[in-house]
Amino acid sequence: MSDNDSNKFINIIKKIVEILFVILVTVLSLTIFYFRDRIGNVGNAGYAGLFVLCFLANSTVLLPAPSLLIASSFGLILNPFCVSAVGSLGATFGEMIGYYFGNVSADLSPKFKDLIDRIAVIIKYDFLFVFILAILPLPLFDVAGIICGGKKMKAYKFFVFCYLGKIIKMLIFVIGFKYLTDNDYIINILLIAQNMVY
């Protein structure tokens, strides 16, 4: 077997693994989305349950799941700062699925790679792009992960700036939600609004 044949064989195996990864991510996303109501039972496990729920909520590629609501509800019972740190860590690991999905997709599809290259021209500072989008409460942060993975941003760089943005966002939501629910005036307004709807 020559070196050329060996390289072709390795490339074929690499493509098969990449295709299987794309299929796995798609099946995982659809499964989590479908069973999202039943997955909540993991929440009884404290911080570990929070980590798992935030990971699963952010593992769904292009299917939004409520990790901020999960963390906010945990923040009512547990320390809000620890909840933000652990929830953001789980969420960031979940976002890595979208990042690797983009990374693999760029290798599989020349058209996708071309699209990512066009978008990358606009994004001069990818770390800032990730950080700002991670802070904003946008439901489709996966697009940022796919773009950064497709343009081959270093995984650790994506992880760090995603985590920093997500922890800021979670702190704001968790502490804000705790403040709103601790304030009887706000609770009364919410109860009145609920009664008006029903």
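Me: How many salt bridges does a search of the whole structure find?
Reply: This is a predicted model. A salt bridge here needs a side-chain nitrogen of Lys or Arg within 4 Å of a carboxyl oxygen of Asp or Glu. With that cut-off, a search of the whole structure gives a count of 3.

Me: Which residue meets E95 in a salt bridge, and where does each partner lie?
Reply: The N to O distance is 3.3 Å. E95 belongs to helix α5 (residues 80-108) and its partner to helix α9 (residues 155-182), so the pair ties together parts that are 71 residues apart in sequence. The partner of E95 is K166.

Me: Are E95 and K166 buried or exposed?
Reply: Buried means under 20% relative accessible area. Both side chains of this salt bridge belong to residues in that class: E95 and K166 are buried.

Me: Which residue forms a salt bridge with K151?
Reply: The closest N and O atoms of the pair are 3.8 Å apart. K151 sits in the loop between α8 (142-150) and α9, while the partner is in helix α7 (residues 126-135), 25 residues away. The partner is D126.

Me: Why does D126 count as buried?
Reply: The limit for a buried residue is under 20% relative accessible area. D126 counts as buried because its relative accessibility is 11%.

Me: Which lysine of helix α9 meets D126 in a salt bridge?
Reply: The N to O distance is 3.3 Å. The pair links helix α9 to helix α7, with the two positions 31 residues apart in sequence. The lysine is partly exposed, at a relative accessible area of 26%. It is K157.

Me: Which residues are linked in a network of salt bridges?
Reply: D126 pairs with K151. D126 also pairs with K157. The network therefore consists of D126, K151 and K157.

Me: What area does the nonpolar surface patch that includes I13 have?
Reply: I13 lies in helix α1 (residues 3-34). Patch residues need over 30% relative accessible area, and I13 is at 38%, which makes it partly exposed. The other members are F9, I10, I12, I16, V17, I19, L20, I23 and V27. The patch area is about 920 Å².

Me: What distance does helix α3 reach from its first C-alpha to its last?
Reply: Helix α3 covers residues 47-59, which is 13 residues. Its buried residues include G49, L50, L53 and C54. At 1.5 Å a residue the expected span is 18 Å, and the model comes close to that, with a reach of 18 Å.

How values were computed:
Residues numbered from 1 in each chain as written. Predicted model: local features only at pLDDT ≥ 70, side-chain atom pairs only at ≥ 80, totals over all residues. Heavy atoms only, no water. Patch = residues over 30% accessible without salt bridge, like charges linked within 9 Å, V, L, I, M, F, W, Y side chains within 5 Å. Areas by Shrake-Rupley, 256 points an atom, 1.4 Å probe, with all protein chains shown as cover. Helix = DSSP H or I, 4+ residues; strand = E, 2+ residues; numbered from the N terminus. Buried < 20%, exposed > 50% of the residue type's maximum accessible area, 1.4 Å probe, protein only. Expected span 1.5 Å × (residues − 1).
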